[in-house]
Amino acid sequence: MIFMYLTPQEEKMLEGEYGSSVQKSMEILVALGDIYNAEKLVNITSAQISGVSYKTIGDAGLEFLEDMAHDAKVIVPSTLNPAGVDLDRKDLGFSGEFTKWQLKIIEAYRKMDITTTCTCTPYLVGNVPMIGDHIAWSESSAVAYVNSVIGAKTNREGGPGALSAAICGKTPEYGYHLDEERKANLIVELDTKIKGTDYGAIGYIIGKAVGDGVPYFKFKNSSKRDNLKSLGAALASSGAVALYHVENLTPEYKFALEGLENSDLEKISIGRQEINEAKEKLSTSSKKPDLICLGCPHASIEEIKTIAEKVAGKELQNELWVCTSISVKAAADRMGYTDMIEKAGGKMVCDTCMVVAPIEELGFDVIGVDSAKAANYVPSMCGLDVVFDELENMIVEK
Amino acid sequence: MQKQVINCRKISKGHARGEVIVTKDSISFLGGVDPKTGVIIDSQHELYGKKISGKILVIPSGKGSTVGSYVIFQMAKNKTAPSAIISLKAEPIIATGAIMAEIPMVDQPDADILNILKEGDIVEVDADSGIIKIN
């Protein structure tokens with residue numbers, strides 16, 4: 001039976017010369033490498049670590065992290081996924097008990113030198129690898145973004161795998177770390193121009209069709225960064241997509257088809273009708289939402305500006321949350337967008353989101369979202385009804 | 001029964017000897033097992049209602065949410081975990097959980113163990129040497 005090649009230093013890490021947390025982390029990396037038939041480990045430049053919300057990892061997760069934090073520190077720039085609560089604001093209604101345990105989890109990660117900007121968009125807060133870098137990221141929407149839009153290389157890591165990689169500065173070389181795994185295997189042609197929630201709906205359709213494949217999109221119009229953020233999040237939630245290409249746009253699109261005959265690839269064509277059907281399928285209710293929850297993945301400053309302009313001067317009957325990171329919120333505060341949103345009755349919510357927070361405890365019945373990923377998860381993870389639409393169609397004014 | 005040695009691959013280090021519990025269904029630790037009692041609570045599972053604590057668990061593979069790794073760790077802390085795991089094909093969730101929890105685990109046995117072994121058989125798992133001994 002062939003095992004992965006380890007350097008003499010890696011052998012020492014595995015044998016415990018660098019402490020028990022490094023040893024355990026190395027054991028996890030080696031086991032993952034052996035499972036996936038990796039030949040060796042590669043050095044990484046960045047990590048994004050999931051497994052943060054107390055709602056998902058519970059007491060077991062907290063206990064594991066506290067054990068690791070005794071003697072482990074990460075050795076590459078590392079950021080944290082969203083938590084179950086806004087770490088700074090107390091007026092959202094979450095229980096003090098839940099918050100107490102959540103803060104202990106954050107503290108364990110902080111001790112390991114993981115930057116506690118709890119966000120699913122680390123690429124908006126300075127964790128930005130370079131093209132071709134090997135990295136270990138474990139937030140599925142961020143994995144799709146960083147592989148596809150930035151051109152760094154990561155698999156869809158689990159939380160403990162990404163943490164182990166951050167502690168050792170290494171990850172097993174298999175899957176999307178290898179160029180041959182980054183080729184397209186499905187061509188998606190749009191026969192209509194698209195905008196806004198169309199991107200999420202298309203991601204939802206194609207994620208289901210392609211599973212863990214690599215779709216190659218031919219759009220009829222140009223796309224912005226935030227459009228690709230929505231597309232990737234949906235692809236990664238309805239399917240297990242880690243990488244996609246967009247013709248004339250993403251950095252590896254030419255490479256993606258190199259050496260492939262056009263006729264080898266399956267083609268899917270999507271039109272307005274399919275997009276509208278997907279949108280209808282994603283809504284479980286036709287009522288007006290009592291909570292509109294935006295920012296999945298976490299809102300960029302440009303998205304916050306658009307939201308602020310749409311609600312400016314209105315008085316909303318629905319509750320409105322705009323989920324983002326503390327870094328982007330700081331910019332929104334300074335730009336006056338936070339003020340515009342709050343005057344309309346909305347709230348800027350940091351560190352968390354509608355998927356990982358226990359919103360089912362807060363007495364809402366119908367959640368309104370403009371994210372196909374959120375629409376896909378809220379009914380199953382929170383047991384609530386969901387409406388998937390553009391913000392302007394969900395607003396109810398007083 | 002004659003003593004038999006089966007070669008396999010180490011996933012998580014360690015050594016254990018004890019009774020096996022065998023299933024042909026894959027297991028999801030999140031939602032499939034109660035970490036307080038070690039009892040299988042997935043009503044669709046072949047081992048529904050049975051306790052896996054302290055047993056050598058023989059499974060085809062794992063499935064389900066990645067949070068399952070933490071559940072295995074929790075079971076070890078609660079002393080409800082299996083004493084070793086033999087999987088036909090390891091997957092990341094159970095493999096990671098076994099290492100986190102320091103439970104010996106092997107995969108890819110070179111014999112048809114799901115049919116050779118039956119509940120209550122005594123087996124020794126030596127993950128470090130990559131062997132299973134059936135007594």
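**Notebook: sheet and domains of chain A**

I looked up strand S3 (residues 78–80) of chain A and found that S3 pairs with S4(A) in the parallel sense, over 2 bridges. I note that the model is predicted.

I then checked which residue faces Leu80(A). Leu80(A) stands opposite Cys118(A), which lies in S4(A).

Next I looked for what packs on the sheet. I found helix H6 (residues 159–168) of chain A there, touching strand S2 (47–49), S3 and S5 of chain A. The direction of H6 makes about 145° with that of S2(A).

I went on to the sheet as a whole. This open sheet has 4 strands in the order S4-S3-S2-S5 (chain A), and the pairing is parallel. Strand S4 (115–118) and strand S5 (136–137) of chain A each have a single partner strand, so these two stand at the edges, and one side of each is left without a neighbour in the sheet.

I turned to the domains. The domain assignment divides chain A into domain 1 (8–179), domain 2 (183–280) and domain 3 (283–394). For domain 2 and domain 3 of chain A, I noted that the C-alpha centres lie 25 Å apart. Their contact takes 15 residues from domain 2 and 15 residues from domain 3.

I asked myself which elements give two or more residues to the side of domain 2 that touches domain 3. They are helix H7 (198–210), helix H8 (225–238) and helix H10 (272–282) of chain A. H8(A) gives the most to this side, with 7 residues. Last, I sorted this side of domain 2 by class and wrote down 4 nonpolar, 7 polar and 4 charged residues.

Conventions:
Residues numbered from 1 in each chain as written. Chains lettered and ligands numbered in written order. Predicted model: local features only at pLDDT ≥ 70, side-chain atom pairs only at ≥ 80, totals over all residues. Pairing = 2+ DSSP bridges. Contact = placed C-beta atoms within 7 Å. Axes fitted to C-alpha atoms, helices over the stretch in contact; angles between N-to-C directions. Domains from an automatic or database assignment. Nonpolar A, V, L, I, M, F, W, Y, C, P; charged D, E, K, R; others polar.
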